[in-house]
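Trainee: I am new to this structure and would be grateful for a close look at a single part. Could you choose one element and explain how it sits among its surroundings?

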Amino acid sequence: MTRNDLAPPTKRPRMSLNVILIERLTEAVEQLAVAAAATAELELKTYTPAQAAELLEKTENWVVEAIQNRRIPFTYVGKSPRLTAAHIRWIQQQGEVLPSRYAKPIAA
């Protein structure tokens with residue numbers, strides 16, 4: 001053992017609680033900014049009928065026919081029909097079935 005091994009460990013300067021909290025808050029805000037940017041990018045993305053069909057677990061033909069018959073919302077990008085995330089959410093919500101307010105409980 002050398003003399004340095006026996007010496008007491010040197011003390012590192014302690015960070016104040018305020019500095020630690022500020023660092024943690026800064027990290028949290030940065031993570032939120034990254035998440036917001038990713039969300040904004042998804043909201044601006046448009047999907048082809050084939051991509052939308054995959055997300056909706058339907059066939060591409062179902063999506064194309066629904067667009068042609070104006071049963072689902074869509075937008076044109078140039079001459080091509082596209083669906084946004086909001087359109088896809090709307091389609092999903094149209095299939096939602098809520099329970100009746102006066103439904104009788106199922107007997108076991």
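Mentor: The account below takes up helix H5, beginning with the whole and then turning to its surroundings.

The model is predicted, and local features therefore require a pLDDT of at least 70, side-chain atom pairs count only at pLDDT 80 or more, and totals for chains, interfaces and linings use all residues. Residues are numbered from 1 along each chain as its sequence is written, and side-chain values use heavy atoms, with hydrogens and water left out.

The protein has five helices and three strands, arranged along the sequence in the pattern α-α-β-α-α-β-β-α. Helices (H or I, at least four residues) and strands (E, at least two) are DSSP runs, numbered from the N terminus. Of the 108 residues, 15% count as buried; buried means under 20% relative accessible area, exposed over 50%, and partly exposed in between, with a 1.4 Å probe and protein chains only. Contact means heavy atoms within 4.5 Å, and among contacts between residues at least 6 apart in sequence, 41% join residues at least 24 apart.

Helix H5 covers residues 85–94. Its buried residues are Ala85, His87, Ile88 and Ile91. These residues cover an arc of only 160 degrees around the axis, which puts them on the same side of H5; the arc is that of the directions from the helix axis to the C-beta atoms. As a general rule, an α-helix has 3.6 residues a turn, so residues three or four places apart point the same way.

What covers this buried side? The cover includes helix H2 (17–44), E1, H3, H4, E2 and E3. Two residues of H5 may be compared. His87 is buried, with a relative accessible area of 15%, and touches Pro73, Phe74, Thr75 and Arg82, leaving aside residues up to four places away in sequence. Arg89 also belongs to H5, but Arg89 is partly exposed, at 37% relative accessible area. The C-alpha atoms of Arg89 and Leu56 are separated by 9.4 Å, although these residues are 33 residues apart along the chain.

H5 lies across E1, E2 and E3 and runs at about 70 degrees to E3. For such angles, axes are lines fitted to C-alpha atoms, for helices over the stretch in contact, and the values run from 0 to 180 degrees between N-to-C directions. The three strands form an open sheet in the order E1-E3-E2, with antiparallel pairing. Strands E1 (46–47) and E2 (75–77) stand at the edges, each with a single partner strand, so one side of each has no neighbour in the sheet. Two strands pair if DSSP finds at least two bridges between them. E1 and E3 pair over two bridges: the partner of Thr46 is Thr84 in E3, and Tyr47 stands opposite Leu83. E2 and E3 pair over three bridges, and Val77 stands opposite Ser80 in E3. In the hairpin of E2 and E3, which has two residues between the strands, Gly78 takes a positive phi near 70 degrees.

The side chains of H5 also enter the largest nonpolar core, whose twelve residues include Ile88 and Ile91, together with Leu56, Val63, Phe74 and Leu83 among others. A nonpolar core is a set of buried Ala, Val, Leu, Ile, Met, Phe, Trp, Tyr and Cys residues joined through side-chain atoms within 4.5 Å. H3, H4 and H5 each supply at least two residues of this core. Leu83 links several of these parts: among its contacts, beyond residues up to four places away in sequence, are Tyr47, Ala52, Val63, Ile67, Ile88 and Ile91.

H4 (residues 60–68) is one of the elements covering H5 and has the buried residues Val63, Ala66 and Ile67. Seen down the axis of H4, these fall within an arc of 100 degrees, so they line one face of the helix. They pack against helix H3 (49–56) and strand E3 (80–84).

Two loops next to H4 deserve notice. Glu57, in the loop between H3 and H4, has a positive phi near 60 degrees although not a glycine, and is exposed at 74% relative accessible area. Arg70, in the loop between H4 and E2, likewise has a positive phi near 60 degrees in a residue other than glycine, and is exposed at 57%. In general, most residues other than glycine have a negative phi.
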